Every structure is written in structure tokens, then in C-alpha cells.
Amino acid sequence: MTEKTKLVRIATRKSALALWQAEFVKAQLEHFHDDVRVELVPMSTQGDIILDTPLAKIGGKGLFVKELEQAMLDGRADIAVHSMKDVPVEFPDDLELHTICEREDPRDAFVSNNFVNIDTLPQGAIVGTSSLRRQCQIRAMRPDLEIRDLRGNVNTRLAKLDSGQYDAIILAAAGLIRLEMGERIRDFIEPEVSLPANGQGAVGIECRIDDTVTKALLAPLEHNETRIRVNAERAMNRHLEGGCQVPIGAYALVEGDQVHLRGLVGAIDGSEILRDEISGHVDDAEKLGVELAKKLLAQGADKVLADVYRDA
Ligand SMILES: NCc1[nH]cc(CCC(=O)O)c1CC(=O)O
């Protein structure tokens with residue numbers, strides 16, 4: 001028997017989805033390297049602890065990642081596995097987002113026990129979502145619906161729907177699919193109807209910049225096309241200075257050597273939505289993200305976002 005020598009410790013949140021993602025990376029690392037042993041280091045973050053306040057009000061980018069990053073900086077863990085959607089656009093000096101894994105379905109999902117899609121919801125139906133981006137796009141489409149805040153991990157949100165507090169809820173399809181609850185999805189909401197958040201459905205791996213041993217082990221987990229898409233999307237968000245708790249959508253597709261990026265900035269009540277898009281060579285993914293952000297700013301995105309920050 002070969003002795004397993006290298007140990008990789010994964011800092012992870014304790015939610016079912018976070019643990020799934022950490023287990024996924026563990027399995028991948030062990031699949032690619034016979035001599036690697038992987039341990040999970042589960043921990044709670046501020047975002048997990050403060051459950052009674054709408055996320056937009058707590059503010060503070062990186063609510064779900066700070067503790068994980070501290071563990072890596074202290075040497076208690078080697079990597080952290082994140083939903084790319086929740087990763088702040090900036091990193092602490094000694095850490096980097098080294099790896100982006102292949103993307104799962106990036107769409108938002110409509111979940112309900114009584115209705116098959118948004119169109120068939122009756123007037124005044126109660127829809128649960130904690131995302132300003134989803135809220136803004138649903139309101140623009142159906143101003144007659146009542147949007148109510150919905151916090152908690154995936155299981156908590158489904159339990160709140162099942163207890164009758166909402167007629168329907170909107171959440172990321174990827175989370176449901178990963179937790180093997182994809183059958184609860186009544187309708188996939190296409191990007192034309194609800195533009196996803198930057199990075200939605202993609203898993204990223206963060207580590208210390210100087211940890212060359214771990215970085216070499218992570219290399220086979222990198223997915224180039226996903227990296228290009230997420231780079232373009234994140235560059236747009238970064239230029240707009242938007243965290244994940246803002247009504248901003250960014251969604252890129254790759255076709256051959258071209259990347260097509262769509263962006264959206266909206267008012268929370270859906271009264272105003274700015275959209276634009278851009279295409280170009282995959283090598284320019286980040287530049288295109290910045291260009292698209294500039295186009296949106298030229299349309300007045302800065303004013304729309306300033307109103308959001310003031311009212312939130
Ligand atoms: N904001 C929480 C969060 N972060 C990642 C996902 C889903 C999985 C993903 O996008 O990778 C979710 C749940 C949701 O938005 O419904």
C-alpha cells in the first residue's frame with residue numbers, strides 16, 4: 001500500500017451546499033492524486049450566524065468568506081472552496097482564487113408546490129427571494145407579485161415554502177441540483193428573463209499565493225471555459241463595484257474563440273432596468289467585462305446603484 005503523504009485541508013462552511021462543494025473538491029483531488037489525503041475543516045461565518053437580517057442590510061462584502069480566509073492565512077487550512085457568486089471581487093494580499101471548476105447550470109430556478117412558472121402565478125402571489133437581482137427582474141416582469149425576503153440555506157428555504165409562507169421561491173438551480181433536489185424545480189428561468197449573478201453555478205478554490213505545492217495539486221481541477229466566462233462576469237461586477245448583494249446580473253457564454261457577455265443593472269423595485277451586451281475574443285474576457293460596465297455606466301448605472309445603496 002502506498003503511504004498517503006500530502007495533506008490538503010479544506011476550510012468550508014457547514015451548510016449542506018458548502019459541504020457538498022468541499023466533498024466534491026476532495027473527491028476530485030483524491031481522484032487525480034493517489035498520494036493526497038484531504039480533510040475538511042468546517043467552520044461558521046458571519047453570514048451563517050446573522051440569519052434574521054436581510055443580507056442587503058448587513059452589507060459587508062465577503063460575509064461568507066472572511067473566516068475561511070483567516071484559516072488559510074493562519075495555516076489552519078490550505079484551501080477554501082467557494083460558490084463563485086459569493087466570492088468578493090477583491091482578495092486579501094496573500095491569497096488568490098487559483099482554480100475555477102466546471103460550471104453547473106447557471107440559471108435561476110422557480111420552485112413551487114402549486115404553480116408551474118412565474119407566468120401562471122395569480123395576482124398578489126407571494127414570492128420568496130433574498131436576492132435584489134432576482135427581485136428587480138421579477139418585479140419588472142410582474143409588478144403585481146409580492147416579493148418577500150427569504151434567508152437561510154437551501155433546505156431552510158424549501159421548508160419555508162412547504163410551510164405555506166410563500167406561493168413560490170426563486171433560487172439557484174445549481175444548489176438544488178447539487179443537493180439532489182433538482183426534481184423540486186418547476187421551471188428553469190432563462191437568462192433572457194432573469195440574468196444570473198456573476199459566477200452563479202461555478203465553484204472556485206482559493207489558496208495562499210506562495211503555496212506552490214497545493215497549487216500544483218489543484219491544476220487538473222481548472223476548467224478553462226468556465227474561467228473565461230467567470231472572468232468576464234466578475235470584471236464587469238468589479239468595475240461597477242458591486243458585491244453579490246446588488247441588483248446586478250452578468251452572464252457570459254463562450255462560442256469558439258468568442259465570448260458573449262450580457263449585463264444588467266436595475267432598481268430594486270424593477271422600475272428601471274439597464275441592459276447591455278458585448279462580444280469579443282476570449283483572450284480579452286476581462287477587458288470586455290470592464291467595457292460592458294462602462295457601457296452600463298454611460299446609460300446611468302451609477303445613478304441606479306447609488307439609489308440602491310441609499311435605500312438598502
Ligand atoms: N447566495 C447563496 C448561494 N450561493 C451559491 C448558491 C447556489 C449555487 C451556485 O450559484 O453556485 C446559493 C443559493 C442561491 O442563490 O439560491
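This is a dialogue on how to read the chain, its domains, two of its sheets and its ligand shell in a predicted model.

Biologist: What does the secondary structure of the protein chain come to?

Modeller: The model is predicted, not experimental. The protein chain has 11 helices and 13 strands.

Biologist: How do I read the radius of gyration of the protein chain against that of a compact globule?

Modeller: A compact globule of 312 residues would have a radius of gyration near 20 Å; the protein chain has 19 Å, so the two agree. Along the principal axes, the C-alpha trace spans about 65 × 45 × 35 Å.

Biologist: Which domains does the domain assignment give?

Modeller: The assignment gives domain 1 (6-101 + 202-222), domain 2 (108-189) and domain 3 (237-311). Note that domain 1 is written as two segments, 6-101 and 202-222.

Biologist: How many residues of domain 2 are in contact with domain 3?

Modeller: As a general point, an interface is often sized by the accessible area lost when the parts come together. Here I can give contacts: 8 residues of domain 2 touch 11 residues of domain 3. On the domain 2 side, those residues divide into 4 nonpolar, 2 polar and 2 charged. The C-alpha centres of domain 2 and domain 3 are 24 Å apart.

Biologist: Now the sheets. In what order do the strands of the sheet with β1 run?

Modeller: The general idea is that strands of a sheet pair through backbone hydrogen bonds, either parallel or antiparallel. In this case 5 strands make an open sheet, ordered β2-β1-β3-β10-β4, with mixed pairing. The edge strands, β2 (36-42) and β4 (95-100), each pair on one side only. From one strand to the next the twist averages 30 degrees.

Biologist: In which sense do β1 and β3 pair?

Modeller: Strand β1 (residues 6-12) pairs with strand β3 (residues 79-83) in the parallel sense, over 2 bridges. To find the register, look for A11, which stands opposite A80 in β3.

Biologist: What is the strand order in the sheet that holds β8?

Modeller: That open sheet has 5 strands in the order β7-β6-β8-β5-β9, and the pairing is mixed. β7 (146-148) and β9 (187-189) are at the edges with a single partner strand each, so one side of each has no neighbour in the sheet. The twist averages 30 degrees from one strand to the next. Within this sheet, strand β6 (residues 126-128) pairs with β8 in the parallel sense over 2 bridges, and V127 stands opposite A168 in β8.

Biologist: Which strands does helix α5 lie across?

Modeller: Helix α5 (residues 132-141) lies across β5 (108-111), β6, β7 and β8, at about 175 degrees to β7. Helix α6 (residues 154-162) lies across β5, β6 and β8, and runs at about 165 degrees to β8.

Biologist: Last, the ligand. Which residues are around the ligand?

Modeller: They are S83, K85, D86, L171, A172, A174, G175, Q200 and G201. The elements giving two or more residues to this shell are β8 (168-172) and α7 (173-178). By type, the shell divides into 3 nonpolar, 4 polar and 2 charged residues.

Biologist: From which domains does the shell draw at least three residues?

Modeller: From domain 1 (6-101 + 202-222) and domain 2 (108-189), with at least three residues from each.

Definitions and conventions
Residues numbered from 1 in each chain as written. Predicted model: local features only at pLDDT ≥ 70, side-chain atom pairs only at ≥ 80, totals over all residues. Near = placed C-beta within 6 Å. Helix = DSSP H or I, 4+ residues; strand = E, 2+ residues; numbered from the N terminus. Nonpolar A, V, L, I, M, F, W, Y, C, P; charged D, E, K, R; others polar. Domains from an automatic or database assignment. Pairing = 2+ DSSP bridges. Axes fitted to C-alpha atoms, helices over the stretch in contact; angles between N-to-C directions. Contact = placed C-beta atoms within 7 Å. Rg over C-alpha atoms; globule rule 2.2 N^0.38 Å.
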